[in-house]
Amino acid sequence: MRYYIEDLKDHVGQQIELKGWNYNKRSSGKIKFLELRDGTGVVQCILMANQANPESLENFEKLTQESSLKLSGVVQAHPKLLNTFEIMVKNLEILSIAEPFPISPKEHGVDFLMENRHLWLRSKRQHAILRIRSELVSAIRDFFDGRGFTLTDSPIFTPSACEGTSNLFETKYFDEKMYLSQSGQLYLEATAAALGKVYCFGPTFRAEKSKTRRHLIEFWMVEPEVAFNDMYDNMELAEAFVEYIVQRTIKNRPEEFKVLERDLSKLENIKAPFPRLHYSEAAQLVKKENAEFNIGDDFGAPDETIISSQFERPVFVHHYPQAIKAFYMKEDPKEPGYAMGCDLLATEGYGEIIGGGQREESIEKLMVKIKEHQLNEDDFRWYLDLRRFGSFPHSGFGLGLERAIAWICGLPHVRETVPFPRLYGRSYP
Ligand code: 4AD
Ligand code: MG
């Protein structure tokens with residue numbers, strides 16, 4: 001039987017074997033303490049001359065930081081701390097002695113840590129973030145799976161652009177030119193016509209030459225698409241979704257949030273309904289604080305902060321000027337010039353975490369837009385077919401997973417939200 005640190009509470013009084021790495025060690029007189037890490041947690045192991053065999057005591061002395069080992073001993077409850085356990089070691093065997101580990105508890109620069117990302121992942125802070133990421137991913141899947149959505153993942157190789165041509169990642173598909181997907185949306189519109197409520201969840205790519213705290217070159221996006229939903233239904237779905245994933249994550253991962261020193265009272269507020277602002281109202285708010293802002297322009301990161309800082313909940317901005325939005329957005333027939341797009345701006349200055357809206361269902365209007373955006377109509381033959389064969393109102397959105405994690409964890413930068421970030425200027429390791 002394999003035993004893990006996370007299960008120690010079920011084995012108090014028993015002698016068990018654990019395998020892992022030396023996180024830290026110290027001696028105090030005749031007692032030696034080893035912090036053993038096995039991926040499920042960290043446990044204090046105690047070596048005393050009258051309990052452990054002599055060879056184990058020698059092995060302890062040889063252990064360097066991150067050396068791998070196995071040990072056996074008796075599980076005991078910590079004399080003072082509740083829900084904390086210790087191992088009184090009888091036997092300790094070295095599996096592999098680690099070379100001097102480059103990452104020590106002292107402060108390191110970001111470049112150094114990024115260069116050693118494969119080793120940096122072994123720290124408690126990174127464990128906490130990655131466990132929260134994992135929890136968030138299952139919350140996302142449970143939300144949609146529990147509401148009758150079918151998962152229909154979109155391809156990564158795509159012959160055409162979804163979100164404009166300026167940041168397309170070009171690659172080869174044998175002899176053809178292809179692109180890495182910027183969004184699964186266009187394909188989801190096809191599966192929504194087949195299955196009604198669908199979503200996709202996978203990596204997306206944007207060749208964005210920007211070094212900001214919220215841009216990754218490769219990021220994960222979850223995108224639902226719903227037949228016969230309008231923009232208002234779409235906002236209701238998005239707010240129920242965000243409330244669910246935030247509340248579920250804070251409920252299930254309290255220990256991890258403690259490690260990150262996250263102020264959870266800010267997240268407890270994240271309950272639907274969220275405020276909604278028309279672009280014109282949002283633009284007025286921005287103009288008051290940023291005189292340089294021109295009404296009609298897209299919001300920059302500082303502008304989004306101006307808007308979101310007025311609210312304790314995430315805020316929707318809808319009805320952006322058509323000119324600054326993607327070709328597929330439906331123009332509101334009641335408000336010509338405005339697109340039925342809705343973005344969600346997170347609290348605490350984190351900015352846009354969701355982009356979405358209602359799609360254009362008229363083939364004539366779409367063809368005009370494809371021309372205006374200088375896209376190749378032939379690439380969109382199949383997409384236009386969706387308007388030929390039973391066109392239907394439909395809406396959807398995309399949530400950037402890493403931006404959501406940065407916000408929920410309260411991190412200053414998206415680079416720690418993914419095991420191996422792809423950033424402008426960094427693709428190693
Ligand atoms: O607003 P975007 O570009 O919307 C779409 O791609 C739509 N086609 C989605 C849809 O309606 N199905 O991107 C959606 C979200 C953003 O709100 C942001 O959270 C994230 O994707 N995102 C990025 N995250 C990290 N790095 C980047 N470079 C990102 N670009 C977008
Ligand atoms: Mg957007």
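## Strand pairing and the ligand 1 shell in a predicted model

Strand 2 and strand 3, the latter spanning residues 42-47, are paired in the antiparallel sense over six bridges. The model in which this pairing is found is a predicted one. Within the pair, L34 stands opposite C45 of strand 3, and in the hairpin that these two strands form, with four residues between them, G39 takes a positive phi near 95°.

**The N-terminal strands**

The pairing continues from strand 2 to strand 1 (residues 15-28), again in the antiparallel sense and over seven bridges, with strand 2 covering residues 31-37. Here K25 stands opposite L34, the residue of strand 2 that also faces C45 in strand 3. The hairpin of strand 1 and strand 2 has two residues between the strands, and in it G29 adopts a positive phi near 65°.

Strand 1 is further joined by seven bridges to strand 4 (residues 68-77), the two running antiparallel, and Q15 has V74 of strand 4 as its bridge partner. Strand 3, for its part, is joined to strand 5 by three bridges, and this pair runs parallel; C45, already named as the residue opposite L34, stands opposite I87 in strand 5. In general, the strands of a sheet pair through backbone hydrogen bonds, either parallel or antiparallel. In the loop between strand 4 and strand 5 (85-96) is N83, whose phi is near 55°, a positive value in a residue other than glycine.

The pairings for which a bridge count is available, in this part of the chain and in the two sheets described below, are set out here.

| Strand pair | Sense | Bridges |
|---|---|---|
| Strand 1 and strand 2 | antiparallel | seven |
| Strand 1 and strand 4 | antiparallel | seven |
| Strand 2 and strand 3 | antiparallel | six |
| Strand 3 and strand 5 | parallel | three |
| Strand 8 and strand 9 | antiparallel | five |
| Strand 10 and strand 11 | antiparallel | nine |

**The three-stranded sheet**

Strands 7, 9 and 8 form, in that order, an open sheet with antiparallel pairing. Strand 7 (157-158) and strand 8 (169-173) stand at the edges, each with a single partner strand, so one side of each is left without a neighbour in the sheet. Strand 8 and strand 9 (residues 176-180) are joined by five bridges, and the bridge partner of F169 is L180 in strand 9.

**The eight-stranded sheet and its helices**

A second open sheet has eight strands in the order 6-10-11-16-15-14-13-12, with mixed pairing. Its edges are taken by strand 6 (150-151) and strand 12 (276-278), each of which has a single partner strand, so one side of each is left without a neighbour in the sheet. Strand 10 (residues 197-205) pairs with strand 11 over nine bridges in the antiparallel sense, and C200 has E223 of strand 11 as its bridge partner.

Helix 10 (residues 301-308) packs on this sheet and touches strand 12, strand 13 (315-321), strand 14 (338-346) and strand 15, its direction making about 75° with that of strand 14. Helix 13 (residues 401-409) lies across strand 10, strand 11, strand 14, strand 15 and strand 16, and runs at about 55° to strand 16.

Two cis peptide bonds can be placed relative to these elements. One joins A272 and P273, with omega about 0°, and P273 lies in the loop between helix 8 (265-268) and strand 12; another joins Y428 and P429, with omega about -5°, and P429 lies in the segment after helix 13.

**The surroundings of ligand 1**

Ligand 1 is surrounded by 23 residues, of which the closest are E163, Q185, E208, E223 and E352; E223 is also the bridge partner of C200. By residue class, the shell divides into seven nonpolar, eight polar and eight charged.

Three polar approaches can be given with distances. An N or O atom in the side chain of E163 is 2.6 Å from a nitrogen atom of ligand 1, a polar side-chain atom of E208 lies 2.7 Å from a nitrogen atom of the ligand, and a polar backbone atom of I353 is 2.8 Å from an oxygen atom of ligand 1. Of the 630 Å² of accessible area that ligand 1 has on its own, the protein covers 94%. The elements giving two or more residues to the shell are strand 11 (218-227), strand 15 (351-358) and strand 16 (394-400), and strand 15 gives the most, with five residues. These strands belong to the eight-stranded sheet, where they stand in the order 11-16-15.

Notes: Residues are numbered from 1 along each chain as its sequence is written. Chains are lettered from A and ligands numbered from 1 in the order in which they are written. This is a predicted model: local features need pLDDT of at least 70, side-chain atom pairs count only at pLDDT 80 or more; totals for chains, interfaces and linings use all residues. Side-chain values use heavy atoms; hydrogens and water are left out. A residue is near a molecule or strand if one of its heavy atoms lies within 4 Å of it. A polar contact is a pair of N or O atoms within 3.5 Å; within protein, one must be able to donate a hydrogen and the other to accept it, and residues adjacent in sequence count only if both atoms are side-chain atoms. Accessible areas come from the Shrake-Rupley method with a 1.4 Å probe; for residues, only the protein chains shown count as cover. Ala, Val, Leu, Ile, Met, Phe, Trp, Tyr, Cys and Pro count as nonpolar, Asp, Glu, Lys and Arg as charged, and the others, Gly among them, as polar. Two strands pair if DSSP finds at least two bridges between them. Contact means heavy atoms within 4.5 Å. Axes are lines fitted to C-alpha atoms, for helices over the stretch in contact, and angles run from 0 to 180 degrees between N-to-C directions.
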